[in-house]
Amino acid sequence: MSHTSPATYLVWSILSSLLGCFLVFHLWKFDRFRCLKWNNGPYSGAFKRLMTYTYLLSVPCIMAYALGFAVIKYDEGLIYLPEYGIIPKPWQFWSQTHKNAIFPLYLVFTIAWALEMVTHLEELCFWLFLVNSGAVQQDWFRSLYFKTWIGGSLIAITYMPLVTIFTRADPVKCEAFTFLAGSLGSLSLTLWFLPILWTFPSFLKALKSNNVDTRTIVRLTTFHELNCLRVVFRLVFVLPLMALAVDGIRPHQHVNDSMFWTEFLTSIAAVGCIISSAITLVIFFPRSVESEVQSRHATREKSQSQSRSRHSRHMRRDSELSERDSAASPYAQKRPDSIAMYSTSDAHSPLREYPPVDSDHLLKADKGLEVPVQGPTAVFSPNRRVASGIVIPGTVAPISPTYLTERALQAHDQRTSSVHPFVHNFTSPIDLMDGAQQTRWYVKRQYGPRIIV
């Protein structure tokens with residue numbers, strides 16, 4: 001795009017900077033940047049690390065490409081040529097420093113495009129695996145789809161930089177062939193997504209007929225809608241650049257000679273590229289608003305409980321000091337222990353060591369009575385520490401008639417279900433469990449009545 005106006009790269013720079021800001025904001029809201037750690041979560045293997053850093057590296061590369069060319073274009077400005085009028089200064093008239101920066105910037109953009117194709121190929125292979133898996137307990141990391149993704153990724157990260165390197169002598173031709181190679185690869189991946197989007201509603205109906213839980217259906221429906229939007233914006237990104245690339249390699253150029261069509265197509269391509277990358281970020285790192293609300297509520301409850309505990313400690317210390325002063329007074333009269341122990345005015349004091357005991361619950365062992373002790377009428381759930389480090393306090397709930405916990409029921413459904421376990425455990429295309437890791441389910445202990453002898 002060396003023949004385009006500086007405003008074109010300004011659009012790319014603004015949109016890519018907004019993408020970078022959204023990336024930082026989303027990852028902070030997601031888990032406070034914990035997903036960037038090398039070991040994060042139970043399934044943080046080599047696959048998850050590779051996919052995480054592959055996508056995150058492509059965003060700053062796009063920003064560097066857009067910002068670098070925006071600075072160069074505005075620094076070089078416009079020029080008047082007798083046959084063409086006032087046009088952006090061609091690269092032949094640029095300073096030597098700016099000429100030397102053309103190839104590195106194109107190479108950075110090529111690497112970013114190759115990394116994006118790696119991420120989209122992984123999603124394509126994963127959704128094909130998930131839709132066609134059925135009840136077969138096949139491991140994703142040993143499937144043909146995973147091997148296809150490895151081979152396609154190696155091809156993408158190899159041929160894209162090589163095209164840019166071999167055509168670097170002429171920056172205009174280098175740009176045209178780079179855009180042609182990238183748009184052909186991205187267009188093929190985008191078109192392969194169309195059959196998946198077409199068959200996905202029937203896949204969701206099959207899951208509903210197999211009594212898959214509602215949360216899983218909601219998650220998969222959300223990802224289906226996001227993928228539909230991303231395919232649209234991927235086409236908005238790829239097709240304009242393909243039109244410019246095909247016209248650029250021809251001897252007689254028609255689209256690139258028009259200032260309107262050049263700026264319009266490049267600006268539209270920027271919108272499609274940035275929005276599709278933002279949707280990929282949401283798909284790879286899906287936020288849970290419910291967990292965030294619980295974390296904020298737990299933080300508020302923790303601060304309130306700490307303030308209440310500090311207040312109670314101050315009250316207890318003041319009460320002890322007042323009693324100590326009254327005991328040291330010469331006019332204080334000490335009550336007998338028997339009266340002080342059974343005084344009704346002191347029954348509800350916070351300093352009382354032994355609370356009053358109801359006589360109905362006393363066991364009359366001298367008469368030989370065997371009184372059955374009732375089982376617990378409430379379930380105590382312990383405190384839970386969420387991913388953000390905040391402790392959610394436990395609760396006390398009455399015992400329900402069901403014996404299996406929610407997690408146990410879900411694990412039982414997974415064992416008896418006719419769908420792949422990835423469907424039940426799906427949260428993100430990059431957050432996948434290993435096939436060797438199986439879900440275990442358990443039964444709550446039932447506390448029955450006991451007899452005291």
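**View 1. Glu123 sits inside helix H4.** In this predicted model, Glu123 belongs to helix H4, which covers residues 102–133. Glu123 is buried, and its relative accessible area comes out at 0%. Setting aside residues up to four places away in sequence, Glu123 touches Phe193, Asn227, Arg230, Thr280, Ile283, Phe284 and Pro429. So if you zoom in on this glutamate, look for Arg230 and Asn227 among the residues it touches, and remember that a residue counts as buried when its relative accessible area is under 20%.

**View 2. Helix H4 meets helix H7.** Pull back a little from Glu123 and you can see what H4 does with H7. On the H4 side the residues involved are Trp113, Glu116, His120, Glu123 and Trp127. They meet Leu220, Phe223, Asn227, Arg230, Arg234, Phe237 and Leu241 of H7. The two axes come within 13 Å and cross at roughly 140°. An angle has to be over 145 degrees to count as roughly antiparallel, so H4 and H7 are classed as oblique to each other. Their crossing is left-handed.

**View 3. Helix H7 also packs with helix H6.** Here H7, residues 214–249, is shown with H6, residues 171–209. The angle between this pair is about 155°, and the axes lie 7 Å apart. With the cut-off for roughly antiparallel set at over 145 degrees, H6 and H7 are therefore roughly antiparallel to each other. The crossing of H6 and H7 is left-handed.

**View 4. Leu105 is another buried residue of helix H4.** Back in H4, this close-up is on Leu105. Leu105 has a relative accessible area of 13% and is buried. What does Leu105 contact, once its neighbours within four places in sequence are left aside? The answer is Ala64, Tyr65, Gly68, Phe69 and Ile72. For a sense of scale, try the C-alpha atoms of Leu105 and Ile62: they are separated by 9.4 Å, while the two residues are 43 residues apart along the chain.

**View 5. Arg32 and Phe33 have positive phi angles in the loop between H1 and H2.** The loop shown here runs between helix H1 (6–31) and helix H2 (46–76), and Arg32 lies in it. Phe33 lies in the loop between H1 and H2 too. Arg32 is not a glycine, yet its phi is positive, at about 60°. Phe33, also not a glycine, has a positive phi of about 65°. Are these side chains buried or exposed? Arg32 is partly exposed, with a relative accessible area of 39%, and Phe33 is partly exposed as well, at 30%.

**View 6. Strands S1 and S2 form a hairpin.** S1 takes in residues 78–81 and S2 residues 85–88. The two strands pair in the antiparallel sense, over four bridges. Three residues make up the hairpin connection from S1 to S2. To find your bearings, pick out Tyr80, which stands opposite Ile86 in S2.

**View 7. The whole protein, for context.** Zoomed right out, the protein has 12 helices and eight strands. Of its 453 residues, 36% are buried. Among contacts with a separation of 6 or more, 73% are between residues 24 or more positions apart. The protein exposes about 26800 Å², and carbon and sulfur atoms supply 63% of that area.

Methods
Residues numbered from 1 in each chain as written. Predicted model: local features only at pLDDT ≥ 70, side-chain atom pairs only at ≥ 80, totals over all residues. Heavy atoms only, no water. Buried < 20%, exposed > 50% of the residue type's maximum accessible area, 1.4 Å probe, protein only. Contact = heavy atoms within 4.5 Å. Areas by Shrake-Rupley, 256 points an atom, 1.4 Å probe, with all protein chains shown as cover. Pairing = 2+ DSSP bridges. Axes fitted to C-alpha atoms, helices over the stretch in contact; angles between N-to-C directions. Parallel < 35°, antiparallel > 145°, perpendicular 65-115°, else oblique. Left-handed = near helix turned anticlockwise from the far one by under 90°.
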